[in-house]
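Biologist: I am new to this structure and would like to know what the words used for it rest on. Please set each value against its cut-off.

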Amino acid sequence: MIVKRVSVGPLAENCYIVFREGSSGSLIIDPGDEFEKIDSIINACGVAPQAILLTHGHFDHIMAVGAIKNKYNCPVYIHEDDFRMASSGGNISYYFGENSLGIIADKIIYGDCILDISDYKIKAIHTPGHTKGSVSYYFDGMLFSGDTLFLLSCGRTDFPGGSMGAMRQSLEKLMTLPLDTIVYPGHGDESTIGFEKENNPYV
Ligand SMILES: [Zn+2]
Ligand SMILES: [Zn+2]
């Protein structure tokens, strides 16, 4: 699997373009901002988005969703508990002096489930704590952890819907994944489950 990371927007959010070698379709995880930048990589790799997977509904993860959807007409996935937040002013853009109008998702994720998207089989793991509807996506030995698990840290729990208790349980859940799982977080650098299990103070 090939993973392209694009850092976008004022909070340096990580958008990921994921595709199989030789495939003409990709998955876009958290297109947070800077559509042109993301789209130039999609074009350079020749991989049309098959779906947009959102780890949660905060504005810094969703602001380029509309533009990608308009161009490629692909479905947008989000957990039921973040659906309303993503589509309204509740996406905390006002905390950061931004004005995100919000997005409408097409596919709602309930609990933990398997998403079957073209030739990709993705496990959606409900990991609340940063937001109620935070989801981590696990497939092919990779975990896209959004703002739940970071390199040596975890996401803030002081925004509406946040809970440190839920965060701890979610981190515990993620630590049951294979140690060599590569972690691709919503901000900052990559890690592995094994490294975080040993070194992350929140785990
Ligand atoms: Zn967030
Ligand atoms: Zn974020």
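Biologist: Which residue bridges the zinc ion (ligand 2) and the zinc ion (ligand 1), and how far apart do the two ions lie?

Modeller: The model is a predicted one. In it, D147 bridges the two zinc ions, which lie 3.5 Å apart.

Biologist: What makes D60, H61, D147 and H187 the protein donors of the zinc ion (ligand 2)?

Modeller: A donor is an N, O or S atom within 2.8 Å of a metal such as this one. The atoms concerned are OD of D60, NE2 of H61, OD of D147 and NE2 of H187, and they lie 2.1 to 2.3 Å from the ion. They therefore count as donors by that cut-off. Along the chain their spacing is D-H-x85-D-x39-H.

Biologist: Why is the arrangement around the zinc ion (ligand 2) called irregular?

Modeller: Four donors count as tetrahedral if all angles lie between 85 and 135 degrees. Here the 4 donor atoms subtend angles of 89 to 158°, so the tetrahedral label does not apply and the arrangement is irregular.

Biologist: And what are the donors and angles at the zinc ion (ligand 1)?

Modeller: The protein donors there are H56 (NE2), H58 (ND1), H130 (NE2) and D147 (OD), at 2.1 to 2.5 Å. Their angles run from 88 to 171°, which makes this arrangement irregular too. The spacing of these donors along the chain is H-x1-H-x71-H-x16-D. H56 belongs to the loop between β4 (48–53) and α2 (65–72), and D147 to the loop between β10 (142–146) and β11, so the pair ties together parts that are 91 residues apart in sequence.

Biologist: How do you know whether D60 and H61 are buried or exposed?

Modeller: Buried means under 20% relative accessible area. D60 has 8%, so D60 is buried. H61 has 0%, so H61 is buried as well. H56 and D147 are both buried.

Biologist: Why is L152 called partly exposed?

Modeller: Partly exposed covers what falls between the buried limit of 20% and the exposed limit of 50%. L152 has a relative accessible area of 39%, so L152 belongs there. L152 is in the loop between β11 (149–150) and β12 (153–154). Together with L151 and F195, L152 makes a nonpolar surface patch of about 230 Å².

Biologist: How do you know that the buried residues of helix α1 line one face?

Modeller: The buried residues of α1 (residues 35–45) are I38, D39 and I42. Seen down the axis of α1, they fall within an arc of 95°, so they line one face of the helix. E36 and A44, on the other side of α1, are exposed.

Definitions and conventions. Residues numbered from 1 in each chain as written. Chains lettered and ligands numbered in written order. Predicted model: local features only at pLDDT ≥ 70, side-chain atom pairs only at ≥ 80, totals over all residues. Heavy atoms only, no water. Patch = residues over 30% accessible without salt bridge, like charges linked within 9 Å, V, L, I, M, F, W, Y side chains within 5 Å. Areas by Shrake-Rupley, 256 points an atom, 1.4 Å probe, with all protein chains shown as cover. Salt bridge = Lys/Arg side-chain N within 4 Å of Asp/Glu carboxyl O. Helix = DSSP H or I, 4+ residues; strand = E, 2+ residues; numbered from the N terminus. Buried < 20%, exposed > 50% of the residue type's maximum accessible area, 1.4 Å probe, protein only. Donors = N, O, S within 2.8 Å, 3.2 Å for Na, K, Ca; no water. Tetrahedral: all angles 85-135°; square planar, octahedral: opposite > 155°, others 65-115°. Arc of directions from axis to C-beta.
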